[in-house]
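Me: Please take one loop of this structure and look at it closely, residue by residue. After that, follow the packing outward from there.

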Amino acid sequence: MKRTVMLILALVLVFGAVGAASAADTIRIGLLAPLTGYAAADGLSVLQSVQLAVDQVNAKGGVLGKQIELFYEDDAGEAKEAIGLARKLVQMDKVVAVVGGSYSMPTRAVAPLFQEFEIPLVAGYAVHPDITAAGDFCFRNGFLGTVEGRGAGVAAVDMLKAKTVGMLTMDNDFGRQMAEGFKSYVVSKGAKVVYSQVYPLGEKDLMPYLTAVKEADPDVILASGYYAEAAGIVKQAHEIKLRTQIIGEEGYDSPKFIELAGPEAANGTIIVTNLDRDDERPVAQAYIKEYRERYGMEPDMTGASNYDAFLIIVDGIRRAGTTDPHKVRDAIAALKDFDGVTGVIKGFTEIGEVIKPVQVQIVKDGVFRRYGIVDDPDVIDPRK
């Protein structure tokens, strides 16, 4: 019995030493993404894009002479799931930084934990202000919700010359933040809000709302939603022959949206987002081409945003010359003119908010194409 116990203890020590050696031989970076649940298509895009970035970095020799090792977890888009997984990534997996590849609710929940652990977090696309407000280890590569809303306002009144607007708002952090930024911008430009309604997340019967929109007859309507709700909105709007131009946001930015809505209903939909498919910069076109070739599907905003988030962390480690979290944090904070897939990132504000252009896309023949770019500093700067 004593020999058995001794053998077990020896094995524990051996495997513990192997694990420690493995951690020392690689640079561990974590990822949280919704791989199951209501946003599983987005989570798949996130994981595939980040894995693509990992493989590209490792193929070029890694960083600081070491290979990157990715530790990813499925938070299902739920805060209660994300909290335990965040602790696991830090305390068990010993990651040196984390890509926040999920939505606002789970990312809001874990941001204070990563701040407490002093582990850099770069959120790919979650929009809520509480994420960066958690502290100086938390950054956002996606747009603050109000910034994206202002970008939608530019599309409505400056690009489309709308005089009257409507708002159909998804009742969550994302929808409310978008609506706030949109309304403030369009009203400041003299447009009149003639319809405003909130609907619950997961709503499938949008017909009563859309019928009311048809009666109000605004020139454009900002209709927020994730890809499932977005598909329902444009499909049912098509059924009742709604003439109002629909403006969506990054939640629409998924091949799943066009698949569920159908190309005929989706065509003509304009969205504000974080990826320009017609961006001619080599970094953008290389990502789009390799993603298509590797996965046999179209890339989207969620994937591209987190591809950039991962590379921002790698760039920070490289410039810091170490994996020390404090020095990596300082390097990320000092980032300037980063050539990302989602645009040239001018840098981060003092509280970790990204400054870069908002992309405006339109669905043509079942695919997203460029409609315009919003680069007015008064719109894209989150400090405004």
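Reply: Buried means under 20% relative accessible area, exposed means over 50%, and partly exposed lies in between (1.4 Å probe, protein chains only). The model is predicted, so local features need pLDDT of at least 70 and side-chain atom pairs count only at pLDDT 80 or more, whereas totals for chains, interfaces and linings use all residues. Residues are numbered from 1 along each chain as its sequence is written, and side-chain values use heavy atoms, with hydrogens and water left out.

The loop chosen here is the one between β5 and α6, where Leu144 is found; helices (H or I, at least four residues) and strands (E, at least two) are DSSP runs numbered from the N terminus. Leu144 has 12% relative accessibility and therefore counts as buried. Leaving aside neighbours within four places in sequence, Leu144 is in contact (heavy atoms within 4.5 Å) with Val127, His128, Pro129, Glu353 and Pro382. From Leu144 to Met178 there are 34 residues in sequence and 8.7 Å in space, C-alpha to C-alpha.

Phe143 belongs to the loop between β5 and α6 (145–159) as well. Phe143 counts as buried because its relative accessibility is 2%. Residues up to four places away in sequence not counted, Phe143 touches Ala126, Val127, Glu148, Thr273, Asn274, Lys356, Pro357 and Val358. Val127 is thus a contact of Phe143 and also of Leu144. Ala126, another of the contacts of Phe143, is 17 residues away from Phe143 in sequence and 7.8 Å away in space, again C-alpha to C-alpha.

The strand before this loop leads on to a helix. β5 (138–140) is one of the elements that the buried residues of α14 pack against, together with β4 (121–123), α13 (301–320) and β12 (343–348). In α14 (residues 325–333) these buried residues are Val328, Arg329, Ala331 and Ile332. They lie on the same side of α14, because they cover an arc of only 165 degrees around the axis; the arc is that of the directions from the helix axis to the C-beta atoms.

The partner helix α13 can be taken next. The axes of α13 and α14 come within 8 Å and cross at roughly 110 degrees; such axes are lines fitted to C-alpha atoms, for helices over the stretch in contact, with angles from 0 to 180 degrees between N-to-C directions. That makes α13 roughly perpendicular to α14. Angles of 65 to 115 degrees count as roughly perpendicular, under 35 as roughly parallel, over 145 as roughly antiparallel and the rest as oblique. α13 passes α14 in a right-handed crossing; a crossing is right-handed if the near helix is turned clockwise from the far one by less than a right angle, and left-handed if anticlockwise. On the α13 side the contact involves Ile312, Ile313, Gly316, Ile317, Arg319 and Ala320, which meet Lys327, Val328, Ala331 and Ile332 of α14. Sorted by class, the contact has seven nonpolar, one polar and two charged residues. Here Ala, Val, Leu, Ile, Met, Phe, Trp, Tyr, Cys and Pro count as nonpolar, Asp, Glu, Lys and Arg as charged, and the others, Gly among them, as polar.

β4, which also packs against the buried residues of α14, leads back to α4. The loop between α4 (104–117) and β4 holds Glu118. Phi of Glu118 is near 60 degrees, a positive value in a residue other than glycine. Most residues other than glycine have a negative phi. Glu118 is partly exposed, with a relative accessible area of 33%.

α4 in turn packs with α3 at an angle of about 30 degrees, the axes being 8 Å apart. The two helices are therefore roughly parallel to each other, and α3 passes α4 in a right-handed crossing. The residues of α3 that take part are Ala79, Ala82, Ile83, Ala86, Arg87, Val90 and Gln91, and those of α4 are Met105, Pro106, Ala109, Val110, Leu113, Phe114 and Phe117. Their contact has twelve nonpolar, one polar and one charged residues.

Ala76 is found just ahead of α3 (79–91), in the loop from β2 (67–74). Its phi is near 55 degrees, again a positive value in a residue other than glycine. Ala76 has 16% relative accessibility and so counts as buried.
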